[in-house]
Structures are given as C-alpha cells and as structure tokens.
Amino acid sequence: MAKASAFAFLPLPARQLFAAAPLTKDTIIDTVEVIRVTGPFTTRPGVDHQFQAQPIHIYDDLRPAPYKDNPASGETTSDITQAYIRIRTKGGIEGLYGMLEPETVTPILEQLRPFLLGKDAMMVSALWDQLYRNNRHSRAGAYMMALSAVDNVLWDIRGKYFKTPVYELLGGATRKEVGAYGSCLNFSVEKGRIAPKAKELFQQGFIHQKWFMAYGPGDGFAGVRRNVEIVEELRDALGEDAQIMFDAYQSWDIPFATQWCKAAEKYNPYWIEEAFPVNRLESFVQLRRNTTIPLATGEHFYNRWEVLEFLEAGAIGIVQADPEWCGGVSELVKICSLASAYGVKVFPHGHNIHAALHVVASQSPEVCPLVEYLVYHMPYKLHFQKDPLLTSNGILQLPQKPGFGIEFDEAKITKRQVLTS
C-alpha cells in the first residue's frame, strides 16, 4: 500500500511500471566508461562540404573562397573514431549513449565519473542537480555537455530497468511516428545546384528543409543578395507546399540581418536561425520587431534559465535547445514546459537523434512538431550503431526497444578502447 501511494501522482502506466519493478541495490552505479570505437567509413571528399557562414568570416583573410562541388571526385574509405559513454550498475544494467562530442570525454572521466560511482542510477533528478551544483562552471560549456551525456545515459538505464522506451517514461507517445525536417548542412548552395537537391529531398518526403547561409557581413551587400538568391531558388524549386528554414550560425549583425529579412519575407521562410550569437539578446529583440519571419535560436542554450531570459523578452518564436548540450533529456523536458507556457515551439537541435526524438515523441505536437535530422551527417553519426535511426522520407518510426535502444554493430568495429581515466 505504501508503494502505491508513493507513486499515486503518476499516470497509471508509470505507476504500473514502478509497482512491477521495485528499486534495489542492483541500480547502484559500478562503472562509468568512455568507449572509443574505430572502423572504416566511406566518403566522397569532393562533394557535400559546403561551408556555412561563420562569425570569424568578417576577417578577409579568414573568409573562404566561394565553394564549388566536385561531382567527379571518387569515394575514399578511411578509419573514423567515435566515443560513447557507458554506465553499468552492480546488477548488470548497462546504459549506452553517443556519439559524444570530443570535448566531453575529459570532464566525464575526470569530474563526473568519481562523483557517480556508488550512486543510485535511478535517481536521475537528484544526480542532475548534484552534478550541476558540484562545479562552479556547470552552467555552460564542456562540463554541461558532459552532464548532458550522463543524464541521457541514465535515462537509457531507467528504460532498460523498466523494459520500456524512454518516451514511455516521459509520459507516453503523443503520436505513432515523428516527422523530421531535413537539415541540409554541407549541401552545396551554388547557383543551380540547390534546386535539384531540394527537389530530390522533397520527392523523398522531406517536405520541411533547412538550408544554411554561406554569406555574412564580410561579404557586404553582395552577400545579402546571394543569401536571398538561395531563398528564391528554393521557393521556386519547391513551390508553396514546402516549409523552408534558414540558419545563419551566429554570423550576422543587425544591418545584414535586417536587409536579408526584408528581401526574404515574401518567400515565407518558416524561420531564420541564429542570426546572432545568443549573448546578444537585444539584437534578437530588435530584429523581431522589424520582421515577420519567426526567429529561432537555442542550440547554444545550456540550461532552462538562458531559455527563460529569451522567452521573457519575447525575443524568439522557436527554441532549439539540444539535449546533447543543454542538460540532457531532463533539462529539455523542463525547457519544453517553459516554452509551452509562452506559446513558443521547440524544435530540438539534433547532432544526435535519440534523446531529441524521445522527448519530441512525448510532447504535444503543438509544442514539438518535428525533430531535426541532419540528412548528410546522420549516417556518419550513427555509423557504429545496430539498427540506426535513419530515415529517407522525413518520418521516424517510434523505437520499441528499452531505453534508447542503442547497440554497437560489431561488424563495423575494428578497434575498441575503454577509458576510465
């Protein structure tokens, strides 16, 4: 009776899960490791390496020459190495998450691992709070990215403990499948090459596409004009049925962004993303007053408090917090709650797909309509995984395996290194 009353506030499915699986010492964390896996991967070096505008491109000597694809380039196979975090409990439950950003490895092993050993892996909220409070630089940067990885792998452990996908632990699925917008990073934005690729993706099922601006203030008004031509070519190629979005990767200033928005409004972009760095809140506020194009940002938000500042200022209409960087599943769920209170949508930034997909699947479609899918990069990022969450039509079926369901494809691994320090 005590157990039932302790979880009375939870939905019935969650109460049944907890009733069926009482917590034991089997959930005590026994090992925290980073696994580096290496194996061959095939690429075409001459294509799909379009640069995006960068803040540093205001310097003439650091701004690259206009990009040109080389379709005649052949394939090259070489070894790649990726890192994953693995946490095991004394009862043999194993959580796995990745691939990791390289800068997270050191804080995971040197700062988070010693604290986690001997703790209860099921105490996800308490461990997040304790890890956050345990480092004076926790609010941002590599430490928060490492905390995000730990939080995600702890959710994987919870899913495996209760034998259910993570989205079920977050309240259950709100839809049978999740739509993905095609993030077109590194596809060429040369004149005449945009339209064929956009049409190809649209015909496959990617009816929502995000393209990346290649020009910024260092290119002068010609850069504005060229960025507008990218929008024109896309809209002409896809018609009015497609949803098109654009990413400036923090590289613009107010005059450049204002000029682009005025010229691009008639093509009805769904958003312009990261026109400025997130430390320039007032620039977002000013631009939002002067354009009808929705403003998006957030992949470089590291916590809910940064998001709240933008929401209170009315600076953006779309939040793009990344569960690999902003504090993991636990923090992204809080960010979704904040956004919903302000009538703002959340499209999680997606360097990886698992955490973002499970959160989106558990949220109202009004709050989280789509998940981001890096069309060119996902096969690389998921290369060492068995049954990777890939899509060729902009639709992701909900995973059914416990936790996040990440498993290594041993056939693709030629070398493995386990790091504990």
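What follows is a walk through this predicted model, from its sheet and helices to its core and a few backbone oddities. Because the model is predicted, local features need pLDDT of at least 70 and side-chain atom pairs count only at pLDDT 80 or more, while totals for chains, interfaces and linings use all residues. Residues are numbered from 1 along each chain as its sequence is written, and side-chain values use heavy atoms, with hydrogens and water left out.

Let's start with the sheet. Four strands make an open sheet in the order β3-β2-β1-β13, with antiparallel pairing. Strands here are DSSP runs of E of at least two residues, helices are runs of H or I of at least four, and both are numbered from the N terminus; two strands pair if DSSP finds at least two bridges between them. The edges are β3 (94–98) and β13 (415–419), each with a single partner strand, so one side of each has no neighbour in the sheet. On average, neighbouring strands are turned by 25° against each other, direction ignored. Between β1 (residues 29–43) and β13 there are five bridges, and V34 has L419 of β13 as its bridge partner.

Next comes helix α3 (residues 105–116), which is home to P107. The buried residues of α3 are V105, P107, I108, L109, L112 and L116, where buried means under 20% relative accessible area, exposed over 50% and partly exposed in between (1.4 Å probe, protein chains only). These buried residues pack against β1, β2 (76–89), α4, α5 and β13. P107 itself has a relative accessible area of 7%. Not counting residues up to four places away in sequence, P107 touches L112, A142, Y143 and A146, contact being heavy atoms within 4.5 Å.

How do α4 and α5 sit against each other? They are roughly antiparallel, a label for angles over 145 degrees (under 35 is roughly parallel, 65 to 115 roughly perpendicular, and the rest oblique). The axes of α4 (residues 124–133) and α5 come within 10 Å and cross at roughly 165°. Axes are lines fitted to C-alpha atoms, for helices over the stretch in contact, and angles run from 0 to 180 degrees between N-to-C directions. The contact includes L127, W128 and L131 from α4 and L147, V150 and L154 from α5.

Helix α5 (residues 142–161) also gives the most to the largest nonpolar core, with 12 residues. That core has 131 residues, and those with the most contacts inside it are F246, W260 and V319. A nonpolar core is a set of buried Ala, Val, Leu, Ile, Met, Phe, Trp, Tyr and Cys residues joined through side-chain atoms within 4.5 Å. Apart from it lies another core of seven residues, among them M245, W271, A296 and I318. Leaving aside neighbours within four places in sequence, the contacts of F246 include W211, L234, W260 and W271.

Now for the backbone. Most residues other than glycine have a negative phi, and most peptide bonds are trans. A cis peptide bond joins G98 and M99, with omega about 10°; M99 is in the loop between β3 and α3. N186 is not a glycine, yet has a positive phi of about 80°. N186 is in the loop between β4 (177–183) and α7 (194–204), and counts as buried at 16% relative accessibility. Q250, also not a glycine, has a positive phi of about 65° and lies in the loop between β6 (243–247) and α9 (254–264).
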